[in-house]
Structure formats: C-alpha cells, structure tokens
Amino acid sequence: GELAARGIPPEGPAWMVAMDPPERGRRVFAAECAGCHTVGGGAKHEAPDLAGVFSLDWVKEQIRDPDQPHRYGNTKLRKKMDTFGTRLPPERIDAIARYVHARRDPARADADPALDEGRRAFRRVGCTDCHATAPGEANDGPNLHDYGSDRWLRALLDDPGSPLFFGKHSGMPAMKGRLSDGDLAAVAVFLRTLEARPVLRDVRASR
C-alpha cells in the first residue's frame, strides 16, 4: 500500500515498517505512556483507559461517570467533574455526548439543528461552568472548542497541564521537549487507531 509506494529506503524494509507512524506511535506509547494508560483493560488504572478514546461511546462514558476506576477515579481529577449518570436520563446524556463529540468540527457543533438538544442541555446542566467552548478560553476544565480534533489532541500531548486542559490537576507530563516532533506526531496517529476499539465500561453493579 502506502509504504510500498514510497519505495524501500537504504535502511531496509524492517526500518521502514518500524518508522511507519502507527507502528512508531505504538512503540513510543509503550515506552512513554503505557506505565499509566491501559488500552482495553489491565491491572493498573493510574490514568484513563484509552480504548475507544474520543469515540462517541467514550464521550458518553466520560459524561456518565468520569470517576470510574479506569477513567479518572484514581487520579487527581477524581470528583472534579459531576457524575451525570446519577442525575440525568440516558437519552439526555446521549444528546450531550453527541454535541461534545461533534465539537471536533466547531462550526457544525455550533450550528447543526440535529445537535440543538445536546447544545441546550450542555448549558442547562452546568457544563459551561467548567468547560469553555470559545477558542483559547481557559476555565476549570479542558477547553472543548475543537475537542477531539487533531489540533486538540496534539496540544494535549504537548502540555496537558496547560490552563486550556487540566491545569494544576494534571498528573501527565508535558511531552513537548520530552519527545521529538516526529514521535509526538506518531503517538497522535496511534491514538487515532484506538478510537475504533470497544470502550471499557465499568461493570460495578452499584452504578
């Protein structure tokens, strides 16, 4: 496919495969991120599990209960966001999630009539108290202007402790300067491949 079309570099085919962005990103993730982040379950939950990250199902679970042990339940962000699963019916959570998920395209998220219910509910239940949706505006929670977009993801990797993301509550190190631009770009590509994976859900009966 795409690799073959580029030809074989002097370093050989094994090097070419290793440097392909998804594979390169997987290796960098394993070395730099997998100490805290799992993908699809694991014994440790020091940071959110990233199976399905940024998918609609992932956003729904984040809104329903961000304090699940495989989300932010074992981090400094525990109890920083409301658990809407105990306050809102599933259809309201679904509407908000569809609006938030659509924010990777802000123009659509702000204008599409199909998202009106979620847009209104987002304001009505108090999400705007912590989450700004205007570009560059900081608040107590991550800015959601273009949440989940390639630009948003790269900025998060660069500096999750930015006021536009998790601020002083971030437990994740800034990757800008720690990793090369090529490695950071490859990690972003790898994370995109996780979006299609099934989301890990909390199975505690009390929820």
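This is a short tour of two helix pairs and one buried arginine, in an order that can be followed by selecting residues in a viewer.

Before starting, bear in mind that the structure on screen is a predicted model.

**First stop: helix α4**

Select residues 56–64, which form helix α4, and look for Leu56, Trp58, Val59, Glu61, Gln62 and Ile63, which are buried. An α-helix has 3.6 residues a turn, so residues three or four places apart point the same way. Which helix do the buried residues of α4 pack against? Add residues 90–101 to the selection, and α5 appears as the helix against which these buried residues pack.

**Second stop: where α4 meets α5**

With both helices still shown, turn the view until the two axes can be compared: those of α4 and α5 come within 9 Å and cross at roughly 125 degrees. That angle makes α4 oblique to α5, and the crossing in which α4 passes α5 is right-handed. To see the contact itself, show the side chains of Leu56, Val59, Lys60, Ile63 and Arg64 in α4, which meet Ile93, Asp94, Ile96, Ala97, Arg98, Val100 and His101 in α5. Coloured by type, the residues of this contact between α4 and α5 divide into seven nonpolar, one polar and four charged.

**Third stop: Arg103**

Next, select Arg103, which is found in the loop between α5 and α6, the latter being residues 106–111. Is this arginine buried or exposed? Arg103 counts as buried because its relative accessibility is 0%, and buried means under 20%. Show the side chain of Asp110 as well, since a polar contact of 2.8 Å joins it to the side chain of Arg103. Leaving aside residues up to four places away in sequence, Arg103 touches Ala109, Asp110, Thr133, Leu144, His145, Asp146 and Tyr147, so these can be added to the view.

**Last stop: α8 and α9**

Finally, select residues 150–158 for helix α8 and residues 181–194 for helix α9, which pack at an angle of about 125 degrees with their axes 10 Å apart. That makes α8 oblique to α9, and α8 passes α9 in a right-handed crossing. On the α8 side the contact is made by Asp150, Leu153, Arg154, Leu157 and Asp158, while on the α9 side it is made by Asp181, Leu184, Ala185, Val187, Ala188, Leu191 and Arg192. The residues of this contact between α8 and α9 divide into seven nonpolar, no polar and five charged.

Note on methods. Residues numbered from 1 in each chain as written. Predicted model: local features only at pLDDT ≥ 70, side-chain atom pairs only at ≥ 80, totals over all residues. Heavy atoms only, no water. Buried < 20%, exposed > 50% of the residue type's maximum accessible area, 1.4 Å probe, protein only. Helix = DSSP H or I, 4+ residues; strand = E, 2+ residues; numbered from the N terminus. Contact = heavy atoms within 4.5 Å. Axes fitted to C-alpha atoms, helices over the stretch in contact; angles between N-to-C directions. Parallel < 35°, antiparallel > 145°, perpendicular 65-115°, else oblique. Left-handed = near helix turned anticlockwise from the far one by under 90°. Nonpolar A, V, L, I, M, F, W, Y, C, P; charged D, E, K, R; others polar. Polar contact = N/O pair within 3.5 Å; in protein donor to acceptor, adjacent residues only side chain to side chain.
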